[in-house]
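Q: Please take a close look at the seven-stranded open sheet in this model. What order do the strands take, and how does the sheet sit within the chain as a whole?

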Amino acid sequence: MHDPRVHHGYALYLGLLRRTQPNFLNYVCALNGHYPVPIEKEFSYCELGCGFGVTTNGLAQLFPQGQFTGIDFNEKHIDAAHELAEESGISNVDFKALDFNELAAANLPQYDFIVLHGVYSWVDPETRDNIRKFLRANLKEDGVAYVSYDCLPGWAALAPLRDVVLTHTAAMTTDDTMKAQAGLDYLDFMASNNAAFFTDNPPAKEFLAEIKTKDIRYVAHEMFVAFSKPYYFHQVATEFRSAGLSYSGSALLHLNFIDLAVPAEFREILLKATSRNEFESRGDFIRNQRFRQDVFKNSRKTMDEEEQLEALSKIVFGTICTAVEFQTSAVFGDVELNYGGDLFANLIELLSGTPKSAAELAEMDEFKAYPLDLIIDGIKFLSAGKQLVPMAADAKARSDQDTEADRYILPNAFNIQLLKRWLLKQDAVVMMAPRAGIGIEVSMADALFALCLVEANREEVPNWVFQRLLESGQQMVFGEGSESEAIAVAVEKFRETRLPKFLELGILEPVE
Ligand SMILES: C[S@@+](CC[C@H](N)C(=O)[O-])C[C@H]1O[C@@H](n2cnc3c(N)ncnc32)[C@H](O)[C@@H]1O
């Protein structure tokens, strides 16, 4: 599914960080029988179209052993990215103001990872060509590439909306956001009066309802970017093959598992696919897929089953929430999965405490009854639901989980910079947990509470939250009763449910 939040520069980087993390990309490779890139020692990573550099900087901080490069032709973006690196004290990163069409002449080195998010569907054919030339020349052998794009058939019923808005607003001399509003109003008129396009295409009506809830700047970007083209998977796979790359799997993890990729009635037809190409294309049709996040590998070498089991058994996983908060079901399009039964319950309980690998779990009494491959399957299904994620190999739970402290600190300079820039300006932020080697998505309310726990003593926190909201002019609905009562209840709930995880991950630390 298209995740609009991660789509463009001004605010929107959520989710992206997780799916373009080197260890996450390695997990996708391992799931699909490809060798992971060794990242314990030095490695190199390049993001094409890095925007404000939030992801590139964040990853550079999480992986100090890596060397990171962000490329974007927008000098303002590059300046902001440099500034963010400097103010956060991140030095293993480099940003270059370059057009993708200048990559060949730029004399850049080879990289272990090259990622491009929110780029490929939005550049013209010549630029796409040059991106592929760069991949061919600058992705190391055995390296990994990530590309996201609007895809077909999901976009087929939606693309005309954009065309209609472009035509309707072509003669307007206002700026893009005003044009976008005029375009939405026009579409709204058409939909509410049952123009046949909408009655014949119910998903277009749903899409309109969805984009009407978005920030108008996002809508303007979606409507008026210079070039926008959805592709079939097979088109991108063929293009990437011409650059020497083979498809490995999807960064939308559930798409790698047949049980979650499509509803039960379609599994047999999917199993009959004679190639990965056919498998993916059938799946996209069944799901009416609108957005893809594909991982490619510069190698045709594959692991045998034993090697793959070993590789998967060594990956350390931990949860981004406490066991109490862990949602015991997950929805993947038309497929719902319930994490019932002892295996899932044990995995949730144990991995919510200290991150562990399947190999470590297999040694524990709780898992004596399960063969290793079953433990790995349990982990796979849980990881598809996003609450269980690959973590740094030495991620350990902390002992000083003092949820009753009077005051806390945010030990990470990058998190402080992110809050300085984005607090209360979007729905959520990413916060780094370097010890666990992950960035996690934090709702804006939780980010606000975390900051107020830093800025105010315990009894002052609700009042501080209230003041911050007042100053920002933002409204948040926390619950029943007066606003200040509701805030006090919400802050207490944060202390009970989220704070233990924030402490464990090292996002907050108690002041002694
Ligand atoms: C949609 S944004 C993605 C930003 C970031 N990857 C993210 O997901 O948050 C696309 C970025 O690509 C950059 N871009 C687009 N075309 C480019 C080109 N031809 N050369 C260099 N950068 C380009 C834009 O300036 C923009 O920052």
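A: Of the contacts in the chain with a separation of 6 or more, 73% are between residues 24 or more positions apart; two residues are in contact if their C-beta atoms, placed from the backbone, lie within 7 Å. The model is a predicted one, in which local features need pLDDT of at least 70 and side-chain atom pairs count only at pLDDT 80 or more, while totals for chains, interfaces and linings use all residues. Residues are numbered from 1 along each chain as its sequence is written.

The secondary structure comes to 23 helices and 16 strands, taken as DSSP runs numbered from the N terminus (helices H or I, at least four residues; strands E, at least two). Seven of the strands make up the open sheet, with mixed pairing and the order S3-S2-S1-S4-S5-S7-S6; two strands pair if DSSP finds at least two bridges between them. Strand S3 (93-97) and strand S6 (246-250) are at the edges with a single partner strand each, so one side of each has no neighbour in the sheet. On average, neighbouring strands of the sheet are turned by 20° against each other, direction ignored. Axes here are lines fitted to C-alpha atoms, for helices over the stretch in contact, and angles run from 0 to 180 degrees between N-to-C directions.

Within the sheet, strand S5 (residues 139-150) and strand S7 (residues 291-297) are antiparallel and share seven bridges. Aspartate 150 is opposite phenylalanine 291 in S7. Helix H4 (residues 75-88) packs on the sheet, where it touches strand S2 (66-72) and S3, and its direction makes about 165° with that of S3.

As for the surroundings, 44% of the 512 residues count as buried, that is, with 20 or more other C-beta atoms within 10 Å of their own, C-beta atoms being placed from the backbone. The largest nonpolar core has 127 residues, and Phe113, Ile114, Ala145, Met431 and Phe449 touch the most other members. Such a core is a set of buried Ala, Val, Leu, Ile, Met, Phe, Trp, Tyr and Cys residues joined through C-beta atoms within 7 Å. Helix H20 (residues 444-455) gives the largest share of this core, eight residues. Another core, of ten residues, lies apart from it and includes Ala180, Leu184, Ile211 and Ala220.

The C-alpha atoms of the chain fill a box of roughly 60 × 60 × 50 Å along the principal axes.

Methods: Buried ≥ 20, exposed ≤ 12 C-beta atoms within 10 Å, placed from the backbone.
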